[in-house]
Amino acid sequence: MSAAARALGVAVVLAASHALALDLPLPKRPDEPGEPAKTLEREAAASRKEADRLKAENARLAREMRRAKARATEAEAQVARIKAQLVELKREAERARAQAGSARSEAAGKGKAMARQAEELQRALRRAEAAEEQVKHLQLEIAQGMAAQQGADDETAGLRARIVELERALERSRDEAAAGADAVARLEGEIARLELELLVAAAAPDSGTQPRVDVLPAAGVRSGDMVAEAAAATPNPAPRPGSLVVRPHGGPLRGHDAGVWAVAFSPNGRVIASGGWDGTVRLWDASAGKPMGPPLRGHSTPVLVVAFSPNGRMLVSGSVDGAIRRWDAATGWPSGSEIKGHGDYLESITFSPDGRVMASSSRDGTVRIWDAATGRALGPTMRARSAILATAFGANGRALTSGGRDGTVHVWDVGSGTPMREAVRGQNSVVHAIAFSPDGRLIASAGRDRAIRLWETGSGKPMHAPLAGHSDVVLTVAFSPDGRLVASGGMDKTIRIWEVATGKLAAPPLLGHTGLIHHLAFSPDGRLIVSGSDDRTIRMWTLERAPQ
């Protein structure tokens, strides 16, 4: 029996006894009072008190009984819950036993599957090892392919250079064929003159004078090469007072792995920039003759043009693929994005005098104007009938002159992109070089006909007869800063300096390069000339006047 049931039984017994005590009959009151009556009264009073107490106790026990009933009810409910939990636990145990059996069966199946996976992994490992061997072979083939590609790139660069040389050789051959008849006539006349002189000498052996005999070049030897060799072997006579004296300024600057196609002085004259067929731009200390930092790399094709902005802060370069790149001249870091617009070799880049715009020309027959700071194209594109190989701004920045393969010289209005006058037939063949004089009054042009011509900008008329002396194509021309001299260089490997006023040579030819001269430039003070050659070197020359 539970504790609740026992407490309930006790409560029932106590309640019954109390009820019986309350129902006891009281003694009858005697007729006359006496001691027994008083006793009985006292007992009755006591009984009444006891009855009151028992009533209170009965009420308390009733309350206890109700609480006990509530506890009993709660206990029964808890027992019922426990029984339900036991039933659920039995069901869980049955499910667990069922799951355990299923897991054992599944584990057995998984064991077989894992065994199959292990075999598959072994086969995969063997395949991976075979693939690794194939990767090694492929890596070797890739390395060999890269080496072959590098060789192909080098061969391509060589072929491009060879193509340029062949194009120029073809042009020279055409010019030589055209001039062949005149050359034969001149040689025949020279032979007749020599025969006459020999006859005269034979007729007057005692005259005391030696006949004049001009030595003709041997077959296959250009007269320019003979002059260069003779000049190198014979010391120069003492210079006349006030005449121009030109000497090599240090040794050649070496660093490019291929021909040097472009050179430029910075506006302060302290730095020389060069661009080469090796695709690099290089900076040199002009006074020390040493490189300044590593090459500037970014072009994917040979560099044909370099130019400093007038303030010296920007350097620009152009390449075979028609791309223009801008560089911070102080740090050598790229400045802005690459400029694209031309569809063929870039042949020239020149800044306006204020440095705000620059002009570029190409073999695609166009001249384009660009915002130097942003690289944005400005104004209309100027178009000619053939490749434009050279450009130069006038002193006022409004006029731009260009020369091209068709032998004409154009003067353009930069703002409108239209010609300012009719094109002038600058040379008898291709114009390779163009330059404005510092005051803008003269234009110098040079090209395949081996001559330099000076033109009046205003009238388009020649200043005087062509400046003749080069024995091969002239590729570059530049005015001195004071405008009194013009320098030229080309395929005969010589540099020649001319007096603008007279059109005569100001000094003997400058010899030193062993390859054709692509480009030259004067220093800002006019005391130096820098030249770049296909012999991969850069040379500097000092100019000074002999004492009066």
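This report describes the predicted model of one chain, from its overall make-up to two sheets, its nonpolar cores and one buried residue.

Because the model is predicted, local features need a pLDDT of at least 70 and side-chain atom pairs count only at pLDDT 80 or more, whereas totals for chains, interfaces and linings use all residues. Residues are numbered from 1 along each chain as its sequence is written, and side-chain values use heavy atoms, with hydrogens and water left out.

**The chain as a whole**

The secondary structure comes to three helices and 28 strands, where helices (H or I, at least four residues) and strands (E, at least two) are DSSP runs numbered from the N terminus. Of the 548 residues in the chain, 37% are buried, a term that stands for under 20% relative accessible area, with exposed meaning over 50% and partly exposed in between (1.4 Å probe, protein chains only). About 31400 Å² of the chain is exposed, and carbon and sulfur atoms supply 56% of this area, which comes from the Shrake-Rupley method with a 1.4 Å probe. Among the contacts (heavy atoms within 4.5 Å) with a separation of 6 or more, 46% are between residues 24 or more positions apart.

The average pLDDT, the predictor's confidence in each residue from 0 to 100, is 79 for the chain, and 73% of the residues score at least 70. Over residues 202-234 the pLDDT stays under 50, and the model has 25 contacts beyond four places in sequence for this stretch.

**Two open sheets**

Strands of a sheet pair through backbone hydrogen bonds, either parallel or antiparallel; here two strands are taken to pair if DSSP finds at least two bridges between them. The two sheets are set side by side below, with angles taken between lines fitted to C-alpha atoms.

| Strand order | Pairing | Average twist between neighbours |
|---|---|---|
| β7-β8-β9 | antiparallel | 20° |
| β10-β11-β12-β13 | antiparallel | 15° |

In the sheet of three strands, β7 and β9 (324-328) are the edge strands, each pairing on one side only. Strands β7 and β8 are joined over five bridges, and the bridge partner of Phe308 is Leu315 in β8.

In the sheet of four strands, β10 (346-351) and β13 stand at the edges with a single partner strand each, so one side of each is left without a neighbour in the sheet. Strand β12 (residues 366-371) pairs with β13 (residues 377-383) over four bridges: Thr366 stands opposite Arg383, and Trp370 has Ala377 as its bridge partner. The hairpin of these two strands has five residues between them, and Gly375 there takes a positive phi near 80°.

**Nonpolar cores and a buried leucine**

A nonpolar core is a set of buried Ala, Val, Leu, Ile, Met, Phe, Trp, Tyr and Cys residues joined through side-chain atoms within 4.5 Å. The largest one has 18 residues, and those with the most contacts inside it include Trp277, Leu304, Ile349 and Phe351. Strands β7 (303-308), β8 (314-319) and β10 each supply at least two residues of this core. Apart from it lies another core, of 16 residues, among them Ile497 and Trp541.

Leu304 touches, among residues beyond four places away in sequence, Trp261, Trp277 and Tyr345. Leu467 lies in strand β22 (residues 467-468) and is buried, with a relative accessible area of 2%. Residues that Leu467 touches include Ile452, Val486 and Trp498; Ile452 is 15 residues from Leu467 in sequence, and their C-alpha atoms are 4.9 Å apart.

Conventions: Axes fitted to C-alpha atoms, helices over the stretch in contact; angles between N-to-C directions.
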